[in-house]
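Hi,

Here is the structure I promised to pass on. Have it open while you read, and my notes follow below.

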Amino acid sequence: MWQYMTPGIPDEYFVRGNVPMTKEEIRALSISKLKLKEDSVIWDIGAGTGSISIEAALISKKGVVYSIEKEEDGIKRINENIKRFNVENIVVVAGEAPDALLDLPSPDRVFIGGTGDEMYQIFDIATTKLKEEGVVVVNGITLDTAYSANHYFKQKGYSVETICVNISVSKEAGNKTMMIARNPVYIITAKREG
């Protein structure tokens with residue numbers, strides 16, 4: 001279904017329903033910040049539709065993606081998208097972080113798309129289990145998430161970069177084209193130094 005080597009699968013390719021999904025442009029940037037390798041072990045926490053999991057699995061063909069999701073509808077959508085994109089290296093983990101993370105193998109990369117009220121507990125487990133020179137990418141839509149993630153990872157000695165992405169997408173308005181703004185998203189990248 002996706003024949004290209006680059007991230008950024010169009011949103012409409014995914015089965016979504018009412019489940020949250022990381023939008024195409026944010027997904028492409030987040031995947032690039034993860035710096036995936038062919039054999040990476042990846043955690044996708046708060047996977048929603050599994051859009052990050054799908055893109056990561058297509059890049060890390062010899063690796064494995066653990067797609068962690070607590071909502072039943074989300075789990076259903078992830079499984080539908082796995083079939084749709086014909087990927088075999090995703091393990092769907094039905095459960096709520098942080099508890100659902102405890103028995104997973106140590107990751108090379110962690111993507112955090114949702115934490116609820118368990119942000120620091122999730123960060124604690126992710127940093128405890130993350131392999132040397134691992135990378136954590138956190139997406140947030142609030143200043144609170146951006147600040148908390150920055151502060152946490154800096155306190156742990158990680159190299160941290162934050163970008164704020166403001167995207168507008170064109171929409172036809174009669175015979176003219178206008179730009180429709182999407183919500184700004186913070187992408188926080190924390191790299192563990194070896």
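Let's start with Thr-189, which sits in strand E9 (residues 185–191); helices (H or I, at least four residues) and strands (E, at least two) are DSSP runs, numbered from the N terminus. Thr-189 counts as buried, at 10% relative accessibility. For the cut-offs, buried is under 20% relative accessible area, exposed is over 50%, and partly exposed is in between (1.4 Å probe, protein chains only). Setting aside neighbours within four places in sequence, Thr-189 is in contact (heavy atoms within 4.5 Å) with Lys-33, Val-135, Val-136, Val-137, Ser-159, Val-160 and Glu-161.

Before going on, a word on provenance: this is a predicted model, where local features need pLDDT of at least 70 and side-chain atom pairs count only at pLDDT 80 or more, while totals for chains, interfaces and linings use all residues. Residues are numbered from 1 along each chain as its sequence is written, and side-chain values use heavy atoms, with hydrogens and water left out.

One of those contacts, Val-136, belongs to strand E5 and is buried as well, at 0% relative accessibility. Not counting residues up to four places away in sequence, Val-136 touches Val-110, Ile-112, Leu-130, Phe-153, Ile-188, Thr-189 and Ala-190. Between the C-alpha atoms of Val-136 and Glu-193 there are 12 Å, with 57 residues separating the two along the chain.

Now the sheet. Seven strands make up an open sheet with mixed pairing, in the order E3-E2-E1-E4-E5-E9-E6; two strands pair if DSSP finds at least two bridges between them. At the edges stand E3 and E6 (159–165), each with a single partner strand, so one side of each has no neighbour in the sheet. From one strand to the next, the twist averages 15°. (Axes are lines fitted to C-alpha atoms, for helices over the stretch in contact, and angles run from 0 to 180 degrees between N-to-C directions.)

Two helices to look at against that sheet: H3 lies across E2 and E3 and runs at about 170° to E3. Helix H5 (residues 143–155) also packs on the sheet, where it touches E5 (135–140), E6 and E9, and its direction makes about 10° with that of E9.

E2 is worth a click. E1 and E2 run parallel and are joined by five bridges, with Ile-42 opposite Val-65 and Trp-43 opposite Tyr-66. On to E3 (residues 90–94): E2 pairs with this strand in the parallel sense, again over five bridges, and here Val-65 stands opposite Ile-90. E1, H2 and E2 form a right-handed β-α-β unit, and E2, H3 (residues 72–85) and E3 form a right-handed one too. Right-handed here is when, with the strands pointing away from the viewer, the path from the first strand over the helix to the second runs clockwise.

How many of E2's six residues are buried? Six of the six, so to speak the whole strand. In a regular strand, side chains alternate between the two faces of the sheet. In E2, Val-64, Tyr-66 and Ile-68 point one way, while Val-65, Ser-67 and Glu-69 point the other.

Last, the charges. There are nine salt bridges, a salt bridge being a side-chain nitrogen of Lys or Arg within 4 Å of a carboxyl oxygen of Asp or Glu. Asp-11 and Arg-27 form one of them, with the closest N and O atoms 2.6 Å apart. Asp-11 is in the segment before helix H1 (24–34) and Arg-27 is in H1, so this pair ties together parts 16 residues apart in sequence. Arg-27 also meets Glu-55 in a salt bridge at 2.7 Å, N to O. Glu-55 lies in helix H2 (residues 51–59) and Arg-27 in H1, so here the parts tied together are 28 residues apart in sequence. Asp-11, Arg-27 and Glu-55 are thus linked in a network of salt bridges. Asp-11 is buried, Arg-27 has a relative accessible area of 0%, and Glu-55 has 3%.

Another salt bridge joins Lys-62 and Glu-38, whose closest N and O atoms are 3.8 Å apart. Lys-62 is in the loop between H2 and E2 (64–69) and Glu-38 in the loop between H1 and E1 (41–45), so the pair ties together parts 24 residues apart in sequence. Lys-62 is exposed at 63%, and Glu-38 is partly exposed at 45%.

Cheers
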